[in-house]
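User: Please take a close look at one part of this structure, the helix pair and the core around it, and then connect that part to the places elsewhere in the chain that deserve a careful reading.

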Amino acid sequence: MDDSIEIIKNSRTIKIYLNPENDKRAFRILNNFPKPLYPSTFEIWEYLIANFEWNSIIDVGANYGEMSCSAFLFRLDDNVRIHIFEPSRELFRLLRKTFENATNVFLNQKAMSSHNGNVYFRNFKNNSGKSNITYELPKNKEDVYVEKIEAATLDSQKIYSEKILIKIDVEGHEKEVIEGAKETLNQAKTAVLIIE
């Protein structure tokens with residue numbers, strides 16, 4: 001069963017859709033609301049969003065999209081493009097509900113990596129925040145289900161902008177994401193990375 005929380009900022013409203021029945025992370029989001037799960041990271045993120053001009057904001061490993069929602073609410077200018085990458089089918093389904101009316105948000109059900117191709121995504125059934133990418137088919141476990149998913153480099157997405165803010169939260173796959181983003185980062189006049 002889906003649940004949601006509603007956030008209002010700058011005369012904008014957005015609902016974040018969650019699945020708290022099956023996911024401890026979603027349950028913690030609901031119980032902590034209106035406080036974010038990671039206050040210090042969120043404070044830095046919102047400071048960067050609110051105080052600097054960006055052409056593109058990129059969320060790699062969006063999970064339920066809390067950081068992307070904050071970017072959407074703070075950036076009143078719809079010319080700022082928000083690109084969201086989330087490989088999990090279930091989380092991607094919920095992200096589509098959350099951002100269904102956002103014209104400047106672009107959703108991608110892909111894993112960002114150092115190459116284009118396929119990888120395996122280990123979904124932790126009870127904690128989506130632990131889910132991660134692997135190159136070899138892992139053994140099945142009771143609390144994990146595995147999906148074969150599309151991987152791509154950030155460079156292959158052609159998100160070329162003068163000023164880019166990127167959040168990366170990929171549970172140990174950060175190096176590969178950055179390797180696949182060299183061209184994107186090098187072409188930008190300003191590029192800021194937040195790595196969780």
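**From the first strand to the helix pair and beyond**

Analyst: D3 is found in strand β1, which covers residues 3-9; helices (H or I, at least four residues) and strands (E, at least two) are DSSP runs, numbered from the N terminus. The model is predicted, and for that reason local features need pLDDT of at least 70 and side-chain atom pairs count only at pLDDT 80 or more, while totals for chains, interfaces and linings use all residues. Residues are numbered from 1 along each chain as its sequence is written, and side-chain values use heavy atoms, with hydrogens and water left out.

D3 counts as partly exposed because its relative accessibility is 31%, where buried means under 20% relative accessible area, exposed means over 50%, and partly exposed is in between (1.4 Å probe, protein chains only). If neighbours within four places in sequence are left aside, D3 is in contact with I16, Y17, L18, P20 and L30, contact meaning heavy atoms within 4.5 Å. From C-alpha to C-alpha, D3 and I29 are 11 Å apart in space, although 26 residues separate them in sequence.

Now to the helix pair. Two packed helices are described by the angle between their axes and the distance between the axes. Helix α2 (residues 39-51) packs with helix α3 (residues 66-74) at an angle of about 30°, and their axes are 10 Å apart; axes are lines fitted to C-alpha atoms, for helices over the stretch in contact, and angles run from 0 to 180 degrees between N-to-C directions. That angle is why α2 is described as roughly parallel to α3, since angles under 35 degrees count as roughly parallel, over 145 as roughly antiparallel, 65 to 115 as roughly perpendicular and the rest as oblique. The crossing of α2 and α3 is right-handed, the term used if the near helix is turned clockwise from the far one by less than a right angle, with anticlockwise giving left-handed.

On the α2 side the contact is made by T41, F42, W45, E46, I49 and A50, and on the α3 side by E66, M67, S70, A71 and F74. Sorted by class, the contact of α2 with α3 has 7 nonpolar, 2 polar and 2 charged residues; here Ala, Val, Leu, Ile, Met, Phe, Trp, Tyr, Cys and Pro count as nonpolar, Asp, Glu, Lys and Arg as charged, and the others, Gly among them, as polar.

W45 also appears in the largest nonpolar core, which has 33 residues and in which W45, I57, Y64, F72 and F99 have the most contacts; such a core is a set of buried Ala, Val, Leu, Ile, Met, Phe, Trp, Tyr and Cys residues joined through side-chain atoms within 4.5 Å. At least two residues of this core are supplied by each of β1, β2 (12-18), α1 (24-32), α2, α3, β4 (81-85) and α4 (89-98). The largest share, 5 residues, comes from α3. Apart from this core lies another, of 14 residues, with L154, I159, V177 and A181 among them.

Just past α2, N55 has its place in the loop between α2 and β3 (56-60), and it is partly exposed because its relative accessible area is 34%. N55 is in contact with N79, V80, R81, S161, E162 and K163, leaving aside its neighbours within four places in sequence. C-alpha to C-alpha, N55 and R81 are 6.4 Å apart in space and 26 residues apart in sequence.

Some backbone details complete the picture. Most residues other than glycine have a negative phi, and most peptide bonds are trans. A cis peptide bond nevertheless joins F33 and P34, with omega about 15°, and P34 lies in the loop between α1 and α2. K158 is not a glycine, yet it has a positive phi of about 55°; its place is the loop between β9 (144-152) and β10 (163-168), and K158 counts as exposed because its relative accessibility is 53%. E171, likewise not a glycine, has a positive phi of about 50° and belongs to the loop between β10 and α5 (174-179).
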